[in-house]
Amino acid sequence: MKRFSWPWEEAPTEDPGLEMMAALIAGGPERAQSLVGEAPGPESRRLATYHHLRGVLLEGRGELDEARRSYMRALLLDPESGESSVNLSMVLGRMSRALEGIAVLDELLERHPRAEGAWRNRSLLKNSLGDVRGFAEDLKMAHTILPRAENARALAAVSRRLGDETGAKTWERRARLLGP
């Protein structure tokens, strides 16, 4: 692909990282995947967004340790990136490092107590460790922030699992009200 440049401007520098980001954002994940292994250029190397999106692509193809490194790099560049923290937590969980993932989310929730995705992911990580009550508490908090039918259905199932049939029926009604 030859880049177009106006005659009075300097030719743009090649930056596979910027190309990867543009391809992914424009809906071209195949092209983006082909660039994920390329060394980033000087501009994209400094962008937390580049490292986050690279992490998304790597996670999608199952390269969890590389995805973890990309999310961590994004957080070094932008420690306030809640999205990178949320994604990192689930990668850690998939790597059988759920306690580390919970710690990442604990830090995020201290700063942003209404981060619905952090509550939801922390509930999943707790569930993976067998903490059913912790799962239910965190999922209730996520649901309070952003009600979702799938959360209400999960809360109905966990209520039933904990022997709370009344609670299960209440959550089932809420799920029906929220959608299919």
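This briefing covers salt bridges, one helix pair and four individual residues in the structure above. The model is predicted. The salt bridges in it number 16, and three of them are described below. The helix pair is α9 with α10, whose axes come within 10 Å. The residues treated singly are serine 44 in helix α3, serine 85 in helix α6, leucine 58 in helix α4 and serine 96 in the loop between α6 and α7.

**Salt bridge between α4 and α5**

- Arginine 54 and glutamate 66 are joined through their side chains by a salt bridge, with an N to O distance of 3.8 Å.
- This pair links distant parts of the chain, since arginine 54 belongs to helix α4 (residues 48-60) and glutamate 66 to helix α5 (residues 64-77), twelve residues apart.
- Arginine 54 has a relative accessible area of 17% and is buried, because the cut-off for that class is under 20%.
- Glutamate 66 has a relative accessible area of 29%, and is partly exposed.

**Salt bridge between α7 and α8**

- Aspartate 106 and arginine 122 form a salt bridge in which the closest N and O atoms are 2.6 Å apart.
- Here too the pair links distant parts of the chain: aspartate 106 is in helix α7 (residues 98-111) and arginine 122 is in helix α8 (residues 116-128), 16 residues apart.
- Arginine 122 counts as buried, at 12% relative accessibility.
- Aspartate 106 is partly exposed, and its relative accessible area is 28%.

**Salt bridge of arginine 160, and a network**

- Arginine 160 pairs with glutamate 165 in a salt bridge whose closest N and O atoms lie 2.8 Å apart.
- Both partners fall in the partly exposed class, arginine 160 with a relative accessible area of 37% and glutamate 165 with 36% relative accessibility.
- Elsewhere, Arg54, Asp65, Glu66, Arg68 and Arg69 are joined into one network by salt bridges that share partners.

**Packing of α9 against α10**

- Two packed helices are described by the angle between their axes and the distance between the axes.
- Helix α9 (residues 132-145) and helix α10 (residues 149-161) have axes that come within 10 Å and cross at roughly 150 degrees.
- The two helices are therefore roughly antiparallel to each other, because angles over 145 degrees are placed in that class.
- The crossing of α9 past α10 is left-handed.
- On the α9 side, the contact is made by Val132, Phe135, Ala136, Leu139, Lys140, Ala142 and His143.
- On the α10 side, the residues met are Asn151, Ala152, Ala154, Leu155, Val158 and Arg161.
- Sorted by class, the contact of α9 with α10 holds nine nonpolar, two polar and two charged residues.

**Buried residues in helices**

- Serine 44 sits in helix α3 (residues 42-45) and counts as buried, at 0% relative accessibility.
- Leaving aside residues up to four places away in sequence, serine 44 touches Asp15, Gly17, Leu18, Tyr50 and His51.
- Serine 85 is part of helix α6 (residues 82-94) and is buried, with 5% relative accessible area.
- With residues up to four places away in sequence not counted, the contacts of serine 85 are Leu75, Val104, Leu105 and Leu108.
- Between serine 85 and alanine 74 the C-alpha to C-alpha distance is 9.1 Å, and the two are eleven residues apart in sequence.
- Leucine 58, in helix α4, is buried with a relative accessible area of 2%.
- Leucine 58 touches Val36, Glu63, Glu66, Ala67 and Ser70, residues up to four places away in sequence again being left out.
- One of these contacts, Glu66, is also the salt-bridge partner of arginine 54.
- The C-alpha atoms of leucine 58 and arginine 148 are separated by 28 Å, and the two residues are 90 apart along the chain.

**A loop residue with positive phi**

- Most residues other than glycine have a negative phi.
- Serine 96, a residue other than glycine, has a positive phi near 60 degrees.
- Serine 96 is located in the loop between α6 and α7.
- This serine 96 is exposed, with a relative accessible area of 69%.

Note on methods
Residues numbered from 1 in each chain as written. Predicted model: local features only at pLDDT ≥ 70, side-chain atom pairs only at ≥ 80, totals over all residues. Heavy atoms only, no water. Salt bridge = Lys/Arg side-chain N within 4 Å of Asp/Glu carboxyl O. Helix = DSSP H or I, 4+ residues; strand = E, 2+ residues; numbered from the N terminus. Buried < 20%, exposed > 50% of the residue type's maximum accessible area, 1.4 Å probe, protein only. Axes fitted to C-alpha atoms, helices over the stretch in contact; angles between N-to-C directions. Parallel < 35°, antiparallel > 145°, perpendicular 65-115°, else oblique. Left-handed = near helix turned anticlockwise from the far one by under 90°. Contact = heavy atoms within 4.5 Å. Nonpolar A, V, L, I, M, F, W, Y, C, P; charged D, E, K, R; others polar.
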